[in-house]
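Hi there,

Here is the structure I promised to pass on. Have a look at it first, and then read my notes underneath.

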Amino acid sequence: MHENKKRKGDWRYPIAHREAWIGIAIVLFHFAWWYGFAYGFGSKPVESYTYILGFPAWFFYSCILGFFFIIILVILVVRFFFQDLPLESDEEGDRP
Amino acid sequence: MNLQVIIPLLIFLIIIFLIGVFASRKLANSSSFVQDYFLGGRELGGLLLAMTMVATYGSASSFIGGPGIAYQTGLGWVLLAMIQVVTGYFVLTILGKKFAIIARKMKAITLIDFLKERYQSKWVVLLSASSIILFLFSAMAAQWIGGARLIESITGLSYISALFVFAASVLVYVIIGGFRAVAITDGMQGIIMVVGTVVILAGTIIAGGGIPTIMSDLMAENPNLITPFGADGSLTPLYVSSFWILVGVGVVGLPQVAIRAMSYKNSKAMHAALIIGTIVVGFIMLGMHLAGVFGRAVLPGLDTPDTVMPLLALHVLPGWLAGIVLAAPMAAIMSTVDSLLLIVSSSIVKDVYLNYIRPDAPEKNIKRISIGVTAVVGVLVFFMAIDPPAFLITLNLFAFGGLEAAFIWPVVLGLYWKAGNAVGALASIFTGVFTYIGITIYYPDAFGMHSVVIPVMLSLLAYIMCSIVGRNRKRQEHQEIINKYLL
């Protein structure tokens with residue numbers, strides 16, 4: 001992302017930056033899901049609501065299913081995209 | 001007096017006290033008192049890190065005020081509360097590794113240590129320290145009042161004695177144990193909060209005759225209770241979404257939450273905390289607020305909705321179980337207060353005293369002063385809570401928003417934007433604090449949004465513009481900071 005050919009930067013920063021961008025992407029996606037289902041299904045007249053497990057459909061999709069979906073997404077992202085790094089600077093000596 | 005309810009609470013307080021004693025043993029062998037007392041020696045594991053963030057952030061409002069509003073408003077308020085799931089992973093991914101790495105390079109212990117090294121400006125430090133002391137002091141006083149009221153309503157003690165019991169138990173374990181005691185008790189309190197949520201939600205659903213019955217009861221009373229728009233239709237999509245900034249993404253700027261993002265042991269702990277935090281925050285928010293809404297079908301027509309939690313617990317559960325469940329709001333309040341107490345005293349001791357008054361103070365004095373300041377701050381809060389002045393309560397209401405508006409950009413852009421400098425940070429803190437206070441007083445609900453939204457945007461503008469305008473001041477020093485920490 002940053003061009004610093006002359007000076008060798010901290011090798012961990014590009015990874016940290018990528019993970020922060022992933023965080024922002026999840027947050028935006030989460031917001032869209034939460035907002036879309038709540039107001040997409042919830043804006044109808046109350047008489048025409050459908051119910052899932054006793055909850056109005058908008059609430060079920062937005063707050064309950066959305067919550068489980070985000071948990072799974074966070075688990076997958078952490079498992080597959082986040083890297084294990086040393087946090088102390090003196091550990092970095094022999095790394096690429 | 002209800003002994004069945006009081007005994008579990010008493011046991012809870014005794015365990016918390018013992019944790020303080022245990023943590024103080026470890027503190028006695030510590031080589032760097034300040035680092036250990038205020039940061040627990042950077043050794044939080046994943047579970048403890050997640051729980052301490054959840055417990056610190058989940059305050060009286062998640063357990064008392066929040067369910068109370070949900071009781072009044074219906075499912076729309078649960079929708080609003082669920083946006084807080086974002087905090088479970090957002091703080092740690094945004095501050096995340098970058099903050100932990102830089103904080104270690106700087107040997108920073110507090111949020112202000114970071115700001116000091118990053119901006120190298122006395123004014124940034126003094127301005128941030130005073131905002132933290134002012135805002136958190138009043139936030140703390142209001143939490144103490146909540147804690148005392150809770151003990152008062154359960155035990156039947158007078159308000160003053162209840163306040164004394166509360167204050168004494170918090171002060172003892174914080175003063176003797178420091179951050180490690182706070183983190184361990186937070187961990188335990190987090191678990192109590194989860195268990196309490198499960199029990200009260202299950203009890204309420206059973207007492208209400210199942211979810212479908214509760215929903216039709218609510219619909220019979222007022223169909224709006226099950227829409228996203230609230231009982232009186234006042235929750236607009238824009239207003240609800242603006243809470244996304246206040247209780248969701250903006251939490252990154254809260255000093256008491258941010259400090260946790262530098263206290264973890266290694267990146268594995270952070271990964272675990274991301275997952276556990278998301279699950280626990282979402283679970284508590286969903287469960288407690290739903291219980292508040294469902295409570296309306298079980299106990300209709302309450303005059304003071306804030307009492308819905310204690311009343312529900314006493315109504316739907318056997319006494320001993322109600323005692324355990326009521327330890328949850330107690331835990332939430334205590335775990336918020338203890339962290340605030342430590343942040344305020346670290347701002348005074350580390351950020352002001354050690355930076356500007358006596359930088360060469362010997363280790364033995366620091367220890368005495370840290371403990372002394374923590375005690376004095378606690379006692380001061382106690383006296384303020386005895387007969388709280390009205391402005392204190394008002395100030396508390398916007399303390400969190402004010403801190404977010406002040407700190408979010410100096411912290412986030414300070415980490416990620418090389419051009420950010422002291423001029424920008426100062427402008428951002430000033431703009432954030434003053435526009436937030438101004439908008440809250442003179443133009444609340446500006447354009448239909450919560451009053452934190454506009455100050456956060458303005459302080460972003462101020463940070464960027466003033467950083468660019470001020471980029472030629474102290475060019476040499478700025479380059480050195482970048483080379484040392486940001487490359």
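Below is what I found, beginning with chain A and then turning to its contact with chain B.

Please keep in mind that this is a predicted model.

**Chain A**

Chain A has 96 residues, and 44% of them count as buried. Two helices and two strands make up its secondary structure, and from the N terminus on they run in the order α-β-β-α. If we take the contacts in chain A between residues at least 6 apart in sequence, 63% join residues at least 24 apart.

The unreviewed UniProt entry annotates residues 20–38 and 58–82 of chain A as "transmembrane region". How does the model render those two spans? Residues 20–38 of chain A are 100% helix and 0% strand, with 27 Å between the end C-alpha atoms. Residues 58–82 of chain A come out as 96% helix and 0% strand, and here the end C-alpha atoms lie 32 Å apart.

**Where chain A meets chain B**

The contact involves 49 residues of chain A and 57 residues of chain B. Together the two chains bury about 4,600 Å², and carbon and sulfur atoms account for 75% of that area. On the chain B side, B:Tyr89, B:Ile101 and B:Leu487 are worth finding on your screen: they supply 14% of the area that chain B buries against chain A, more than any other three residues.

There is a polar side to the interface too. I count three salt bridges between chain B and chain A. In one of the salt bridges, A:Asp84 pairs with B:Lys268, and their closest N and O atoms are 2.7 Å apart. Polar contacts link 13 residue pairs across the interface, with both residues at pLDDT 80 or more.

Which helices of chain B each supply at least two residues to the side that touches chain A? They are H5 (75–82), H6 (85–94), H7 (96–106), H11 (211–221), H12 (237–248), H14 (267–298) and H21 (475–486). H14(B) gives the most, with 13 residues. Sorted by class, the side of chain B that touches chain A consists of 39 nonpolar, eleven polar and seven charged residues.

**A closer look at H5(B)**

H5(B) is mostly covered, as eight of its eight residues are buried. Going along the helix, these are B:Leu75, B:Gly76, B:Trp77, B:Val78, B:Leu79, B:Leu80, B:Ala81 and B:Met82.

Happy to talk it through whenever suits you.

Best wishes

Notes: Residues are numbered from 1 along each chain as its sequence is written. Chains are lettered from A and ligands numbered from 1 in the order in which they are written. This is a predicted model: local features need pLDDT of at least 70, side-chain atom pairs count only at pLDDT 80 or more; totals for chains, interfaces and linings use all residues. Side-chain values use heavy atoms; hydrogens and water are left out. UniProt positions are given in the numbering used here, feature names are shortened, and annotations may be inferred rather than shown by experiment. Helices (H or I, at least four residues) and strands (E, at least two) are DSSP runs, numbered from the N terminus. Contact means heavy atoms within 4.5 Å. Buried area is the accessible area (1.4 Å probe) that two parts lose on being put together, summed over both. A salt bridge is a side-chain nitrogen of Lys or Arg within 4 Å of a carboxyl oxygen of Asp or Glu. A polar contact is a pair of N or O atoms within 3.5 Å; within protein, one must be able to donate a hydrogen and the other to accept it, and residues adjacent in sequence count only if both atoms are side-chain atoms. Ala, Val, Leu, Ile, Met, Phe, Trp, Tyr, Cys and Pro count as nonpolar, Asp, Glu, Lys and Arg as charged, and the others, Gly among them, as polar. Buried means under 20% relative accessible area, exposed over 50%, partly exposed in between (1.4 Å probe, protein chains only).
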